[in-house]
Amino acid sequence: MQLATEFDLSDYLIAPEPGATRLTRAVEGVDQNGEINQISVVEERPLTIFLNAQEIVTAMTIGDYPEYLALGFLRNQGMLLADDEITRVEYDDDLETVIVRTARQTSYEDKLKKKTRTSGCAVGTVFGDMMEGLEDVQLPQVQVRTSWLYELASKINRTPSLYLEAGAIHGTVLCRENRPLVYMEDVGRHNAVDKIAGWMLSENEAAEDKILYTTGRLTSEMVIKTAMMGIPVLASRSGFTAWGVEIAREVGLTLIGRMRGQRFVCLSGDDRLLRDVDPSTVSGEDKKHRRKSAG
């Protein structure tokens with residue numbers, strides 16, 4: 001199976017912007033030989049999210065798509081309900097705040113008192129019971145072609161990105177079959193997936209025919225967010241946590257990790273994989289575009 005060797009952005013509805021000056025900064029340093037080098041490093045800035053008049057959280061983020069991040073975070077925390085009417089989303093760049101306004105009056109004082117720090121490298125926070133609402137999740141049992149997985153990995157790894165420009169960042173990509181649609185990056189994988197959730201909410205995008213691809217670990221948080229979004233397939237270059245696998249099996253999420261070159265491991269939903277290509281015929285990753293297994 002010959003995979004594309006050049007990147008193609010035509011599939012994407014939203015692609016990374018590695019050249020955006022606001023997202024990276026040039027910093028001068030000294031290497032192991034004592035020589036001065038200038039490298040690009042990722043910017044990090046606070047974003048405070050309000051739901052109506054209530055301050056919910058301040059997240060550290062790279063600063064792109066703040067409205068999507070706010071909507072997705074609130075939706076994935078169960079603070080925005082499926083039938084909520086969102087009347088306005090207001091972003092103030094100077095104050096670094098997003099206010100999401102709804103027709104429904106909201107108050108989450110009790111929920112905000114219970115916090116769980118997540119395992120994300122940028123230290124994420126979830127509020128309330130992490131498992132709340134999962135008992136009602138019934139994910140569609142869709143078939144996944146392994147040819148789609150190989151094509152997606154090849155396309156995504158070759159896409160120009162902030163990771164390839166500056167490193168120290170996670171990527172999450174919403175896909176349909178073998179097509180990557182929306183590619184979000186951030187310092188924490190939880191932010192990247194929340195941006196995708198916000199985009200889906202804004203566009204009223206269906207979830208049942210989607211695959212979520214991430215460069216980060218398949219933790220309980222990532223599995224729960226994916227399941228709550230209604231996406232039936234989660235794939236990653238990285239490995240798994242035991243609780244992440246356990247939850248995936250409980251909710252019927254197809255969970256695929258350690259996707260590198262010809263290899264992958266499926267720890268949930270193997271019966272839904274259609275192995276329509278011989279792995280030995282799949283071309284490997286070239287060193288230029290090879291990602292590390294992100295944590």
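Colleague: How many of the eight residues of strand β11 are buried in this model?
Modeller: Keep in mind that this is a predicted model. Strand β11 spans residues 179–186, and the strand is mostly covered. Its buried count is seven of eight.

Colleague: Which residue in β11 is the bridge partner of valine 173?
Modeller: Start with the pairing: strand β10 (residues 170–176) and β11 run antiparallel, joined by seven bridges. Valine 173 has its bridge partner in β11, and that partner is tyrosine 183.

Colleague: And in the hairpin of β10 and β11, which residue takes a positive phi?
Modeller: That hairpin has two residues between the strands. The positive phi there is near 55°, and it belongs to glutamate 177.

Colleague: Is isoleucine 156 buried or exposed?
Modeller: Isoleucine 156 sits in helix α3, residues 146–158. Buried means under 20% relative accessible area. Isoleucine 156 comes out at 1%, so it counts as buried.

Colleague: Which residues is isoleucine 156 in contact with, leaving aside neighbours within four places in sequence?
Modeller: Valine 173 and tyrosine 183, the bridge partners from β10 and β11, both turn up among its contacts. Cys175 is in there as well. The full set for isoleucine 156 is Tyr12, Val173, Cys175, Pro180, Tyr183 and Tyr213.

Colleague: How far apart in space are isoleucine 156 and aspartate 8?
Modeller: In sequence they are 148 residues apart. In space, going C-alpha to C-alpha, the separation of isoleucine 156 and aspartate 8 is 9.5 Å.

Colleague: What about isoleucine 36, buried or exposed?
Modeller: Isoleucine 36 lies in strand β2, residues 36–42. Not counting residues up to four places away in sequence, isoleucine 36 touches Glu28, Gly29 and Val30. The cut-off for exposed is over 50% relative accessible area. Isoleucine 36 has 57%, so it is exposed.

Colleague: How many disulfides does the structure hold?
Modeller: Cysteines are present, among them cysteine 175, buried at 0% relative accessibility. Cysteine 266 is another buried one, with a relative accessible area of 17%. A disulfide would need a pair of cysteine sulfur atoms within 2.5 Å. The number of disulfides is zero.

Colleague: Over how many bridges do strands β3 and β4 pair?
Modeller: β3 covers residues 45–51 and β4 covers residues 54–61. One bridge matches phenylalanine 50 with glutamate 55 in β4. In their hairpin, with two residues between the strands, asparagine 52 takes a positive phi near 55°. The pairing is antiparallel, and its bridge count is seven.

Colleague: How are α1 and α5 oriented to each other, roughly parallel or roughly perpendicular?
Modeller: The axes of α1 (residues 66–76) and α5 (residues 189–203) come within 6 Å and cross at roughly 95°. Angles of 65 to 115 degrees count as roughly perpendicular. So α1 and α5 are roughly perpendicular.

Colleague: How many nonpolar residues are in the contact of α1 with α5?
Modeller: On the α1 side, the residues that meet α5 include Tyr68, Leu69 and Phe73. On the α5 side, Val193, Trp199 and Leu201 are among them. By class, the contact of α1 with α5 also has five polar and four charged residues, while the nonpolar ones number eight.

Colleague: How many of the 11 residues of α1 are buried?
Modeller: Helix α1 is mostly covered. Its buried residues include Pro66, Ala70, Leu74 and Asn76. Just after α1, glycine 78 takes a positive phi of about 75°. The buried count for α1 is nine of 11.

Terms used. Residues are numbered from 1 along each chain as its sequence is written. This is a predicted model: local features need pLDDT of at least 70, side-chain atom pairs count only at pLDDT 80 or more; totals for chains, interfaces and linings use all residues. Side-chain values use heavy atoms; hydrogens and water are left out. Axes are lines fitted to C-alpha atoms, for helices over the stretch in contact, and angles run from 0 to 180 degrees between N-to-C directions. Helices (H or I, at least four residues) and strands (E, at least two) are DSSP runs, numbered from the N terminus. Angles under 35 degrees count as roughly parallel, over 145 as roughly antiparallel, 65 to 115 as roughly perpendicular and the rest as oblique. Contact means heavy atoms within 4.5 Å. Ala, Val, Leu, Ile, Met, Phe, Trp, Tyr, Cys and Pro count as nonpolar, Asp, Glu, Lys and Arg as charged, and the others, Gly among them, as polar. Buried means under 20% relative accessible area, exposed over 50%, partly exposed in between (1.4 Å probe, protein chains only). Two strands pair if DSSP finds at least two bridges between them.
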